[in-house]
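Please open the model in your viewer and keep the selection panel at hand. The tour below moves from one selection to the next and says what is to be found at each stop.

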Amino acid sequence: MSKSAIKNHWIESVLVVFLVGVTVLSIGWHIYRYGGDYYYMRVNGSSESFPVTVPVGITQNGYVYGYVYRGIAKDKYGNQQRLEVHTVADDLGPFHKGQIIRITYNPKFGVTNYKKVSRDQVPPLARIH
């Protein structure tokens, strides 16, 4: 490339480097903040409920409630951890007794995600009897 072509494209080069940098930082932050180890816990019933703020018009008897689940969860190696899961407005639950939930646990930020799974999706060492 000639020097004049490089001069004409320096802004595009800076923007590309900037966008790549922002993308890498965003992915890194997401992994740091929301990543973690999966733990599997069998629901034995919720221990309490609490009011949740949701968009207008989506209520039951004037209130919407989230649930708290506490229990012993196992990772894919069979290591146990006592965890507490608070449901959020996107997935209030309630989970039924006996259901298994996969919990994403981050050592710095605690429980960052949860999801109902079937028994077949649970690794053998994490199975709860």
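Select Phe95 and Tyr114 to begin: Phe95 is buried, and so is Tyr114, where buried means under 20% relative accessible area, exposed over 50% and partly exposed in between, with a 1.4 Å probe and protein chains only. Before going further, note that this is a predicted model, in which local features need pLDDT of at least 70 and side-chain atom pairs count only at pLDDT 80 or more, while totals for chains, interfaces and linings use all residues. Residues are numbered from 1 along each chain as its sequence is written, and side-chain values use heavy atoms, with hydrogens and water left out.

**The aromatic cluster**

Add Tyr69 to the selection, and the three residues Tyr69, Phe95 and Tyr114 appear as one aromatic cluster. Rings of Phe, Tyr and Trp (its six-membered ring) pair if their centres lie within 6.5 Å, and planes under 30 degrees apart count as stacked, over 60 as edge-to-face and the rest as tilted. The structure holds three aromatic pairs. One of them is the tilted pair of Tyr69 and Phe95, with 5.5 Å centre to centre and 55° between the planes. This pair links distant parts of the chain, since Tyr69 is in strand S3 and Phe95 in the loop between S4 and S5, 26 residues apart. Both Tyr69 and Phe95 are buried. Turn next to the pair of Phe95 and Tyr114, which is edge-to-face, at 5.9 Å centre to centre and 90° between the planes. Phe95 lies in the loop between S4 and S5 and Tyr114 in strand S6, so this pair ties together parts that are 19 residues apart in sequence.

**The whole chain**

Now show the chain as a cartoon, where two helices and six strands can be traced; helices (H or I, at least four residues) and strands (E, at least two) are DSSP runs, numbered from the N terminus. Read from the N terminus on, the elements run α-α-β-β-β-β-β-β. Of the 129 residues of the chain, 24% count as buried. Among contacts (heavy atoms within 4.5 Å) between residues at least 6 apart in sequence, 55% join residues at least 24 apart.

**Strands S3 and S4**

Select residues 65-74 for S3 and residues 80-86 for S4. The two strands pair in the antiparallel sense over seven bridges, pairing being assigned if DSSP finds at least two bridges between two strands. Lys74 has Gln80 in S4 as its bridge partner. The hairpin of S3 and S4 has five residues between the strands, and in this hairpin Gly78 takes a positive phi near 90°.

Which side chains meet here in a salt bridge? Display Arg70 and Glu84, whose side chains meet at 2.5 Å, N to O; a salt bridge is a side-chain nitrogen of Lys or Arg within 4 Å of a carboxyl oxygen of Asp or Glu. Arg70 lies in S3 and Glu84 in S4, so the pair ties together parts that are 14 residues apart in sequence. Arg70 counts as partly exposed at 40% relative accessibility, and Glu84 is likewise partly exposed, with a relative accessible area of 35%.

**Strands S5 and S6**

Move on to S5 (residues 100-106) and S6 (residues 110-117), which run antiparallel and are joined by seven bridges. A hairpin connects S5 to S6 through three residues.

Centre the view on Ile100 in strand S5, which stands opposite Val117 in S6. Ile100 is buried, with a relative accessible area of 8%. Its C-alpha atom is separated by 6.6 Å from that of Tyr40, although the two residues are 60 residues apart along the chain. Leaving aside neighbours within four places in sequence, the contacts of Ile100 include Tyr40, Met41, Arg42, Val117 and Val122.

Thr104, also placed in S5, counts as buried at 7% relative accessibility. Not counting residues up to four places away in sequence, Thr104 touches residues among them Tyr34, Asp37, Tyr38, Val111 and Asn113.

**A nonpolar patch**

For the last stop, show the surface and select Trp10, Ile11, Val14 and Leu15, which form a nonpolar patch with about 410 Å² of accessible area together. Patches are made of residues with over 30% relative accessible area and no salt bridge, like charges being joined within 9 Å and nonpolar side chains (Val, Leu, Ile, Met, Phe, Trp, Tyr) within 5 Å, and accessible areas come from the Shrake-Rupley method with a 1.4 Å probe, only the protein chains shown counting as cover for residues. Leu15 lies in helix H2 (residues 10-34) and counts as partly exposed at 47% relative accessibility.
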